Amino acid sequence: MLEKIKALAASSKNETMAHRHHFHTHPEIAWQEVETTKTVVEALKAIGCDIVKVGFDGTECGVAADLRGGKPGKCVALRGDMDALPLNEDNDLPYRSQKDGVMHACGHDAHTAMLLGAAKVLSAIRDEIPGTVRFLFQPAEESGLQSGAKAMVEEGALQGVDAVAGIHCWSSTPTGTVLYRSGPIMAAADGWYLTLKGKGGHGSTPELCIDPTITAANIVLNLQAIVGREVSARETVVVSTGTVKAGHSVFNIIPDSVEMNGTVRSFNPAVQDHVESAIRRVIAGACRIGRCTFELDYKRFIPATINEPAVTAVAKDVFDEVFGPENVKETPLIMGSEDFSYFQQKVPGTYFLLGTGNPGKGTDNAHHHPKFNVDDDALPAGVASLAGFAWTWLSKNA
C-alpha cells in the first residue's frame with residue numbers, strides 16, 4: 001500500500017503545488033486565516049471529508065475534519081499549520097505574496113498544501129482504511145501564548161484521536177531527506193520579564209542611592225550559574241538575557257529602575273520546573289542583597305515537543321520506504337519551539353522535519369528570512385509521509 005500511496009502522492013504534485021502557490025500568494029497571519037480556512041474547507045468537502053469543526057478561539061480560523069475509512073478502527077490525526085508571518089517578502093516569484101508586510105516565511109503554505117494532498121491521497125484508498133483520519137488545519141502556530149494548537153486541544157479537536165503526527169519544512173536539510181527523533185526534539189520556550197526598583201540619584205553620591213544596575217548585573221551573571229551548577233550536564237538548557245534597559249542616556253545619574261527580560265529553553269519538564277524556581281530564587285536573593293524591590297512576570301509560552309517512541313518508530317518505517325533508509329536521519333536537539341507539543345500532551349505523537357533545502361533554487365535560506373521559499377520537488381514526499389504514516393499506524397493498531 002505504501003507504494004500506491006507514493007504513486008498517488010507523485011501524481012498529485014501539480015495540485016499540491018498549486019495549493020501551496022495559492023496560499024503563498026495570499027498569506028494570512030495568526031488568527032486571521034479566514035480565507036485560507038475557506039479554501040481548505042472547500043477542498044475537504046470535495047473529497048468527502050466530514051467537517052468536525054470550523055473556527056477556534058472565537059474566530060473563523062482553523063479546521064478539524066474526518067475521513068472515515070471503509071473498515072472499523074482507531075483514529076489518527078495529521079496536523080498542518082496555516083499562518084504566515086508579518087514580514088515583507090524579498091523573492092521575485094510569480095506566486096510571491098500579494099500582501100504588503102505579510103509572507104509565508106516558514107513553510108506553513110507547504111504544510112497546508114501537503115496536508116490537503118495527504119487527504120486527497122487517503123480519500124483514494126478510503127475503502128481500505130481501517131479507521132478514521134482526522135485532519136487538523138491549525139491557525140496561529142506563530143502566536144506564542146495565543147497558540148492555535150492549544151486552542152484546538154481545549155475546544156475538542158483531539159476528541160476520539162489516538163495518535164497524531166505533524167510535519168515541518170526544514171530549509172537547512174537537503175530536499176529528498178527527512179529528519180526524525182524519538183523523545184525530545186524541540187525545546188520548551190519560556191520568557192521572563194523583570195523590573196528592578198531602587199532609588200535614583202546623582203552619580204557622584206551613590207551612597208544616597210539604591211543602584212538597581214548593580215543588582216541587574218549580578219542577576220545576569222548568577223543566572224548562568226543555574227545552568228552550570230544546578231542542572232545536570234546530561235541535560236540541555238539555555239538561560240539567556242535578552243534586554244537590559246536602565247537610565248536615559250545621562251552619564252551622571254543613577255537610575256531608579258531597570259527593566260530586563262530573557263528566555264529559557266529546555267527539554268525536560270522537571271528541569272523546566274527547577275530552572276524557573278531557581279530563577280525566582282536568584283532574583284529574590286540578588287534583590288535582598290542590593291536592597292531593591294522587583295516585579296517578575298515568568299511566562300511559559302510553549303511546552304517541549306516530545307516524540308512518543310512507539311509512534312515515532314512507525315513514522316521511521318514509513319520514511320525508510322518513502323525516502324530510502326540512507327536519506328532518513330536522526331536530528332540533534334533543536335532549541336527552537338513548536339506548539340505541536342500541545343497535541344502531544346493530549347495524545348501520543350511524533351513530529352518530523354522534511355528537507356526542502358536546494359541552493360540551486362534558493363530554497364536554503366533560513367526560516368523567517370524574507371527570501372525564504374520551499375522546493376516544490378519536496379512536496380510529494382511530504383504528502384506520502386503524512387498519508388503513509390496515517391495508513392501504517394491505523395493498520396498496525398487495527
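Start by selecting Lys 53 and Ala 64: Ala 64, in β2, is the bridge partner of Lys 53. Keep in mind throughout that this is a predicted model.

**Stop 1: β2 and its two neighbours**

Extend the selection to β1, residues 50-54. β1 and β2 pair in the antiparallel sense, over four bridges. Now add β4, residues 130-138. β4 also pairs with β2 in the antiparallel sense, this time over six bridges. For a marker on that side, pick Val 63 and Phe 137: the two stand opposite each other, with Phe 137 in β4.

Is β2 enclosed or open? Select residues 63-68, the whole of β2. Five of these six residues are buried, so the strand is largely enclosed by the rest of the structure.

**Stop 2: the loop between β1 and β2**

Go to Asp 57, which sits in the loop between β1 and β2. Check its backbone torsions. Phi of Asp 57 is positive, about 60°, although the residue is not a glycine. Most residues other than glycine have a negative phi. Asp 57 is partly exposed, with a relative accessible area of 42%.

Jump to His 368 for another case. His 368 is in the loop between β16 (349-357) and α10 (379-396). Its phi is near 70°, again a positive value in a residue other than glycine. At 38% relative accessibility, His 368 counts as partly exposed.

**Stop 3: β12 between faces**

Select β12, residues 257-266, and show the side chains. Which residues point to the buried face? They are Val 258, Met 260, Gly 262, Val 264 and Ser 266. Ser 257, Glu 259, Asn 261, Thr 263 and Arg 265 point to the other face and are not buried. In a regular strand the side chains alternate between the two faces of the sheet.

Now bring in the partners of β12. Show β8, residues 188-197: 10 bridges join β8 to β12, and the two run antiparallel. Lys 197 marks this pairing, with Ser 257 in β12 as its bridge partner. Then show β10, residues 237-246. Nine bridges join β10 to β12, also antiparallel. Here the pair to label is Val 238 and Arg 265, the latter in β12.

**Stop 4: Lys 199 and Ser 204**

Step to Lys 199, in the loop between β8 and β9. Lys 199 counts as partly exposed at 47% relative accessibility. Show its contacts beyond four places in sequence: Leu 208, Cys 209, Ile 210, Ile 254, Pro 255 and Asp 256.

How far is Lys 199 from Ile 125? Draw a distance between the C-alpha atoms and read 72 Å, for residues 74 apart along the chain.

Move on to Ser 204, in the loop between β9 (201-202) and α6 (212-230). Ser 204 counts as exposed, at 53% relative accessibility. Draw another C-alpha to C-alpha distance, from Ser 204 to Asn 252. The two are 48 residues apart in sequence and 7.2 Å apart in space.

**Stop 5: Thr 331**

Select Thr 331, in the loop between β15 (328-330) and α9 (341-346). Buried or exposed? Thr 331 counts as buried, at 4% relative accessibility. Display what it touches, leaving out residues up to four places away in sequence: Leu 179, Tyr 180, Arg 181, Ile 185 and Leu 353.

**Stop 6: zoom out**

Switch to a cartoon of the whole protein. The secondary structure comes to 10 helices and 16 strands. The radius of gyration is 24 Å, close to the 21 Å that the globule rule gives for 398 residues, so the protein is as compact as a globular protein of that length. Along the principal axes, the C-alpha atoms fill a box of roughly 80 × 45 × 40 Å.

Colour by burial next. Buried residues make up 54% of the 398. Then turn on a contact map. Of the contacts with a separation of 6 or more, 80% are between residues 24 or more positions apart.

Finish with the surface. The protein exposes about 16,500 Å², and carbon and sulfur atoms supply 51% of that area. Colour the charges last: there are 36 positive and 47 negative side chains. The centres of the two sets lie 4 Å apart.

Note on methods:
Residues are numbered from 1 along each chain as its sequence is written. Side-chain values use heavy atoms; hydrogens and water are left out. The radius of gyration is taken over C-alpha atoms; the globule rule is 2.2 Å times the number of residues to the power 0.38. Buried means under 20% relative accessible area, exposed over 50%, partly exposed in between (1.4 Å probe, protein chains only). Contact means heavy atoms within 4.5 Å. Accessible areas come from the Shrake-Rupley method with a 1.4 Å probe; for residues, only the protein chains shown count as cover. Lys and Arg count as positive and Asp and Glu as negative; His and the chain ends are not counted. The place of a charge is taken as NZ of Lys, CZ of Arg, CG of Asp or CD of Glu. Two strands pair if DSSP finds at least two bridges between them.
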